[in-house]
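Student: I have a model open and want to learn how to read it. Can we take it feature by feature?

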Amino acid sequence: MSIIEEEREPCRLYLITPPRLEPRAFADTLKAALDAGDVASLQLRLKTEAAETADADTIRRATEILMPVAQSRDVAFIINDRADLAAELNADGVHIGQDDMPCKQARKIVGPDRIVGVTCHNSRHLAMVAGEDGADYVAFGAFYDTDTKVPKTRAEPEILTWWTETFVVPCVAIGGITVENAAPLVRAGADFLAVSSGVWAYDQGPAAAVRALNRIMSEEKRSK
Ligand SMILES: Cc1ncc(COP(=O)(O)OP(=O)(O)O)c(N)n1
Ligand SMILES: Cc1nc(C(=O)O)sc1CCOP(=O)(O)O
Ligand SMILES: [Mg+2]
């Protein structure tokens, strides 16, 4: 059986923090969400009101408080944008976009044992380049409307199917994902669903959203 035909791991949840938060208060919300079901990773994605990356000390303080909450529950802690801080703070990895830095530069900074994830929008080319350059996952999006950021592109579920039928590197689906619309992305083949407001703003609370998304990911199987 070729490596491509080997069973891929079931889809898992990848949480992304709200762009602005008070770490001590958010820690209680995070504990409840992570204790509600399986979560593969948490990305600390802190932004200013102007959508710029938050300053280093803000990221350091949030990491000091929130990284132990994640890692004590075997949830990988990924820092957005700042490979230097991911290395300095001994996070599990970094996520970089096309405007942040090249994958190879992030790899040089964080080393071989940390995760480097790369935004690939709706581009097969960007994903293949990221895979070639050693990315540990490629992220496609946005699949749905989102208020969390102004996405550059709209991606269709077919790109998840194409990727997972062709490449071993895991793919992440992101953008406006909720309990209500997650199933088609699981069926299309996403290895991870990256969710922010769909969990933190869920009407029954973040823990209920984690439970519901895990139920969907276990019930829905990749379409053969
Ligand atoms: C898992 C994941 N996918 C995509 C992004 C977006 O990254 P980027 O394009 O760098 O935009 P910002 O998040 O920095 O605004 C992400 N953060 N995580
Ligand atoms: C951070 C991010 N990146 C996107 C992309 O398309 O690359 S969409 C997005 C927002 C994710 O938050 P929510 O789950 O609230 O939509
Ligand atoms: Mg970025």
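**Reading the model, feature by feature**

Tutor: Start with one glycine. G111 lies in the loop that joins α4 to β5 (115-119). Keep in mind that this is a predicted model.

Student: Is G111 buried or exposed?

Tutor: Use relative accessible area. Under 20% is buried, over 50% is exposed, and partly exposed is in between. G111 has 15%, so it is buried.

Student: Which residue can I pair with G111 to see a contact across the sequence?

Tutor: Take A87. G111 and A87 are 24 residues apart along the chain, and their C-alpha atoms are separated by 8.1 Å.

Student: Where is I59, and how does the accessibility cut-off apply to I59?

Tutor: I59 is in helix α2, residues 56-71. Its relative accessibility is 3%, so I59 counts as buried. The C-alpha atoms of I59 and R45 are separated by 8.7 Å, with their positions 14 residues apart along the chain.

Student: Now the metal. Which residues coordinate the magnesium ion?

Tutor: For a metal site, look for donor atoms at short range. Here the cut-off is 2.8 Å, and water is not among the atoms, so a site may look incomplete. The magnesium ion is ligand 3, and its coordinating residues are D81 and D100, each through OD, at 2.0 to 2.3 Å.

Student: Where in the chain do D81 and D100 come from?

Tutor: From distant parts, 19 residues apart. D81 is in the loop between β3 (76-80) and α3 (83-88). D100 is in the loop between β4 (93-96) and α4 (103-110).

Student: Are D81 and D100 buried or partly exposed?

Tutor: Take them one by one. D81 has 9% relative accessibility, so D81 counts as buried. D100 has 35%, so D100 counts as partly exposed.

Student: Next, ligand 1. Which residues come nearest?

Tutor: Start with the neighbour list. There are 14 residues around ligand 1, and R45, K47, D100, T119 and K149 come nearest.

Student: What polar contacts of ligand 1 should I look at?

Tutor: Look for pairs of N or O atoms within 3.5 Å. In the side chain of D81, an N or O atom is 3.0 Å from an oxygen atom of ligand 1. For D100, a polar side-chain atom lies 2.9 Å from a ligand 1 oxygen. The side chain of T119 also has an N or O atom 2.9 Å from an oxygen atom of ligand 1. As for cover, ligand 1 has 420 Å² of accessible area on its own, and the protein covers 90% of that.

Student: D81 and D100 sound familiar.

Tutor: They should. D81 and D100 coordinate the magnesium ion. D81 also has a side-chain atom 3.0 Å from an oxygen of ligand 1, and D100 has one at 2.9 Å.

Student: What space does ligand 1 take?

Tutor: Pockets are found on the protein atoms alone. The space ligand 1 takes is the largest pocket. Ligand 2 sits in the largest pocket too.

Student: Which residues come nearest to ligand 2?

Tutor: T146, T148, G176, S196 and S197, out of 14 residues around ligand 2. Read the polar contacts the way we did before. The T148 side chain puts an N or O atom 2.5 Å from an oxygen of ligand 2. S197 has a polar side-chain atom 2.6 Å from a ligand 2 oxygen. G176 uses its backbone: a polar backbone atom is 2.7 Å from an oxygen atom of ligand 2. Taken alone, ligand 2 exposes 420 Å², and the protein buries 95% of that.

Student: On to the backbone. What should I expect of phi and omega?

Tutor: Most residues other than glycine have a negative phi, and most peptide bonds are trans. Then look for exceptions.

Student: Which peptide bond is cis?

Tutor: The one from G141 to A142, with omega near 0°. A142 is in the loop between β6 (137-141) and α6 (158-166).

Student: What are the positive phi values of A51 and H121?

Tutor: A51 has about 70°, although A51 is not a glycine. A51 lies in the loop between β2 (41-44) and α2. At 56% relative accessibility, A51 counts as exposed. H121 has phi near 55° and lies in the loop between β5 and α5 (124-132). With a relative accessible area of 16%, H121 is buried.

Student: What happens at the ends of α5?

Tutor: S123 caps the N-terminal end of α5, with a side-chain oxygen 3.3 Å from the backbone nitrogen of H125. Just after α5, G134 takes a positive phi of about 95°.

Notes
Residues are numbered from 1 along each chain as its sequence is written. Chains are lettered from A and ligands numbered from 1 in the order in which they are written. This is a predicted model: local features need pLDDT of at least 70, side-chain atom pairs count only at pLDDT 80 or more; totals for chains, interfaces and linings use all residues. Side-chain values use heavy atoms; hydrogens and water are left out. Donors are N, O and S atoms within 2.8 Å of the metal (3.2 Å for Na, K and Ca); water is not among the atoms, so sites may look incomplete. Helices (H or I, at least four residues) and strands (E, at least two) are DSSP runs, numbered from the N terminus. Buried means under 20% relative accessible area, exposed over 50%, partly exposed in between (1.4 Å probe, protein chains only). A residue is near a molecule or strand if one of its heavy atoms lies within 4 Å of it. A polar contact is a pair of N or O atoms within 3.5 Å; within protein, one must be able to donate a hydrogen and the other to accept it, and residues adjacent in sequence count only if both atoms are side-chain atoms. Accessible areas come from the Shrake-Rupley method with a 1.4 Å probe; for residues, only the protein chains shown count as cover. On a 1 Å grid over the protein atoms alone, a cavity is a set of points where a 1.4 Å probe fits but cannot get out, and a pocket is an open set with protein on both sides within 12 Å along at least five of seven lines; lining residues have an atom within 4 Å of a point. A molecule sits in a cavity or pocket if more than half of its atoms lie within 2 Å of its grid points.
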